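Here is a friendly walk through one part of a protein model. Have the sequence and the 3D view open as you read.

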Amino acid sequence: MNVNQSAPPVPPFGQPQPVYPGYHQSSYGGQSGSTAPPTPCGSYNGPVPGYQQTPHPGVSRAPPSGALPSSTAQVPCGQGAYGQFGQGDVQNGPSSTVQMQRFPGSQPFGSAPLAPVVSQPTVLQPYGPPPTSAQVTAQLAGMQISGAVASAPHPSGLGYGPPTSLASASGSFPNSGLYGSYPQGQAPPLSQAQGHSGAHPPQRSAPQQASSFTPPASGGPRMPSVTGPLLQGQSFGGPPVSQPNHVSSPPPQALHPGTQMTGPPGPPPPMHSSQQPGYQLQQNGSFGPARGPQPNYGSPYPGAPPFSSQSGPQPLPPKRLDPDAIPSPIQVIEDDRNNRGSEPFVTGVRGQVPPLVTTNFLVKDQGNASPRYIRCTSYNIPCTSDMAKQAQVPLAAVIKPLAKLPPEEVSPYIVDHGESGPLRCNRCKAYMCPFMQFIEGGRRFQCCFCSCINDVPPQYFQHLDHTGKRVDAYDRPELYLGSYEFLATVDYCKNNKFPSPPAFIFMIDVSYNAIRSGLVRLLCEELKSLVDFLPREGGAEESAIRVGFVTYNKVLHFYNVKSSLAQPQMMVVSDVADMFVPLLDGFLVNVNESRAVITSLLDQIPEMFADTRETETVFAPVIQAGMEALKAAECAGKLFLFHTSLPIAEAPGKLKNRDDRKLINTDKEKTLFQPQTGVYQTLAKECVAQGCCVDLFLFPNQYVDVATLSVVPQLTGGSVYKYACFQVENDQERFVSDLRRDVQKVVGFDAVMRVRTSTGIRAVDFFGAFYMSNTTDVELAGLDGDKTVTVEFKHDDRLNEENGALLQCALLYTSCAGQRRLRIHNLALNCCTQLADLYRNCETDTLINYMAKFAYRGVLNSPVKTVRDTLITQCAQILACYRKNCASPSSAGQLILPECMKLLPVYLNCVLKSDVLQPGAEVTTDDRAYVRVLVTSMDVAETNVFFYPRLLPLTKSPIESTTEPPAVRASEERLSNGDIYLLENGLNLFIWVGASVQQGVVQSLFSVSSFSQITSGLSILPVLDNPLSKKVRGLIDSLRAQRSRYMKLIVVKQEDKLEMLFKHFLVEDKSLSGGASYVDFLCHMHKEIRQLLS
Ligand SMILES: [Zn+2]
């Protein structure tokens, strides 16, 4: 089914009118709601006032741009490359290298403790592919696994068809994992075709005054390294070497640090003659005087000191860029909160830039989709492709179609157009929306996307008022709101049949590792209650979702949990090469009906496998089995896989350990991100066709090849969670919390998303967790409220300022109750003929989201260094274009940034030094693959905090203050050793304790009498009855509630070994892996820009 499908001919039935009653629709509620009397359909004879060119509702143009606000910073360039600090040997996350011992053969788990056996003959009801080889079933009644089943060897080899390596459709296959690695041979890289499209940096909008923070060309204490004067040609970051971009020899003048900044364009002044005595500290200043050298950075950058290379007179007093004088993320975030947090964001005006994602604000839908659903890199896009190419600002939208709204906002209303289905343009198939223009007295409408004139069906007819607007415009959500839903007709359903409610299948690895870590027992215990919290629709009493259970190691065990059974029954399928589902009846059941049997099963599973010696697992056959089960039940659904190890057992999708850290920084590094076999792409395609979404929970003790295992979750819209070296005592809270959230979240199944645009631009590239079999339809076996799809647009014609540009995102999906619906989001953007307008309406956070995804996909095909260089070049081009075309004339020595892009350099630098693009020694191959997958589906708020973590001082603000303490910049320099800080990035959470913290504070928070007694690595704060303890624990709870994944706490002490972990997140500083500090990167960026301009 696809969204474009043409609507069926509209039969003249007098169907229940599309009536969209006044909108009081309850969130989903079906079509309940107040039933405002349907507007009577006028017959076709309304007055036909000639056309009235009505302005698009709520569309108004932004004021013409005047001078652009901009920030100017003068950054000293050049600087000797500084060496690296020693590599940390610390592991991210509690490092545990548990070595699993392997047991020789696998043993059939014959030992079935268990309850009384219900003598239920095992029922074998094979369906689906005929069980070629007989499978036996064991009864688990009372669960005894009686005989395991031997399966006759399958005549034909294994498998799923040739492991073809699919060239990935345009989608990206994300793979990735969080922290952990293990060496080994490597496997043949899979070729994945993934196009790189140019990426550009985004920026934020809000034309405000140009904050020109003119960084002092010279003066200013340089941050970390205190002393040395700036060196010339510094290569920022990392190992000086690679990074051509940086190396590019700077023009002679660039060599003089202080100089180039302020220096007049002319001939390079020999030195920093032009230093300005006092430069103004702009924006940031709040943090007081820059501190001295940072503890750990004892000596100035090695390599830097001698100014030898410096030509010209010796630099005098070291003039450095003052960290307080460069744009501060904290300040920008604070300003936006103060300026835009109090008023609701009303979406009636075209091209309005929304508040930042870090600002709390309410949204009122008046014709454009809320920024919670769609955010754009720019809200004013160039009219021509030439302009767009010149600016290099990527035009992209980050779309989160099923985003969860805060309780104060109303979920999209559901509109029922009856049997005729949603009203659409006959030509381009766009759905009725507020921008469609009714003409000829309301008898026809002109499509706002393709200009086609369409007849209005009789049952939809309505008169127009004197402005040309339909008199019922405010009774119909599709005529005045940016977001709404349509009930889909049977024509929008697979095989022309309304779908059955979806099913959830829990598939549990019961191999040795899973049992030993306590995972299986914990999981089964949790599932007993969790099955009562499956997603429900509206006010439904109980969930319509059915559940099923499978356990596996080298073979699969299916369970019959039919309500009429006294005890569950187990059926074993050992022919994993030709997977089939051994039972139909009793496999997928209603929780309430089968509760006793389900509980019994979950009680028995940990016991049944308690003594297992089986260490090997299969993986692809498990997914295959789940998918086949859904197919047999003729429904969509989700598989929850709980898996521990590299699947090395003989079976389709068998993997080998191909981890090889030696590939880092080589041309073959990309193979680490590619799946090692094509089996999983093939399998994923089958899953997508069935509407089978796969969520994967990994519990590895060593390399599991996240890059390959995550292929199916990625292509089916699923999620991946990774708990390295899982131990119940340490990880229970995190896992259970993630599991609960994951199982309960609302999901749309068997979905297809299509983004239409008005003539002039079109969607050309897509990023996220989905599959594409053509160039326009994004297929999602499942889509939850956390997932985003990023879409890039390119011009295919000229746009004009009057009409602007329109986007319409249509998502066809099956709700958790089995209802087929279409969710529509519309957004109107402005178009400009002046580049300045583009630069004033950008959103940097969204640009970074796009650029990160672009880069993270790029590593599948290109050397990581190339990817980094591409980002840097694009960023420089964007800023150079601004400088050339929009900024007022000024000295070339000044770095001038557009106001809404002033954070682009600092944020881009964070992306460049992220684990995927510049891994530290402690980051494993699986970690990188994991992070890559996560970022691919992140929304703008998530990428914002992920790349630039929040650092909050805990003891600075008054204890009674109820608001979150103001953040400080993520730099060691901002830490005071007399304070305690909390740092979070959406995945990690730290508390850093300064060595000189008052004893009273230590006592209040940790219940010990001195700093030295605090346990480093602590993950739970003691529950103490004092204001500070309550406040800090409350803050942690609130931060966790804001994030989509549970953040495990790690307490780190100043100067302690674990501190290295924490410092990894101080992103304004130079990183151990060679990533540049913010100041150095800004200097480098300035140099790049100057080169482009010269
Ligand atoms: Zn059209």
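## A four-stranded sheet

In this predicted model, 4 strands form an open sheet in the order β4-β6-β22-β20, with antiparallel pairing. β4 (374–376) and β20 (761–767) stand at the edges with a single partner strand each, so one side of each has no neighbour in the sheet. On average, neighbouring strands here are turned by 25 degrees against each other, direction ignored. Strands (E, at least two residues) and helices (H or I, at least four residues) are DSSP runs, numbered from the N terminus; two strands pair if DSSP finds at least two bridges between them.

Look next at β4 and strand β6 (residues 395–399), which pair in the antiparallel sense over 3 bridges. There, I374 stands opposite I399 in β6.

## A helix across the sheet

Helix α15 (residues 844–858) lies across β4, β6, β20 and β22 (789–795), and runs at about 60 degrees to β20. Axes are lines fitted to C-alpha atoms, for helices over the stretch in contact, and angles run from 0 to 180 degrees between N-to-C directions.

## Around V688

V688 sits in helix α10 (residues 679–690). Is V688 buried or exposed? V688 counts as buried because its relative accessibility is 7%; buried means under 20% relative accessible area, exposed over 50%, and partly exposed in between (1.4 Å probe, protein chains only).

Beyond its neighbours within four places in sequence, V688 is in contact (heavy atoms within 4.5 Å) with L715, T716, D750, Y771, E779 and A781. The C-alpha atoms of V688 and M627 are separated by 9.4 Å, and these residues are 61 residues apart along the chain.

## Reading the values

Residues are numbered from 1 along each chain as its sequence is written, and side-chain values use heavy atoms, leaving out hydrogens and water. Local features need pLDDT of at least 70 and side-chain atom pairs count only at pLDDT 80 or more, while totals for chains, interfaces and linings use all residues.
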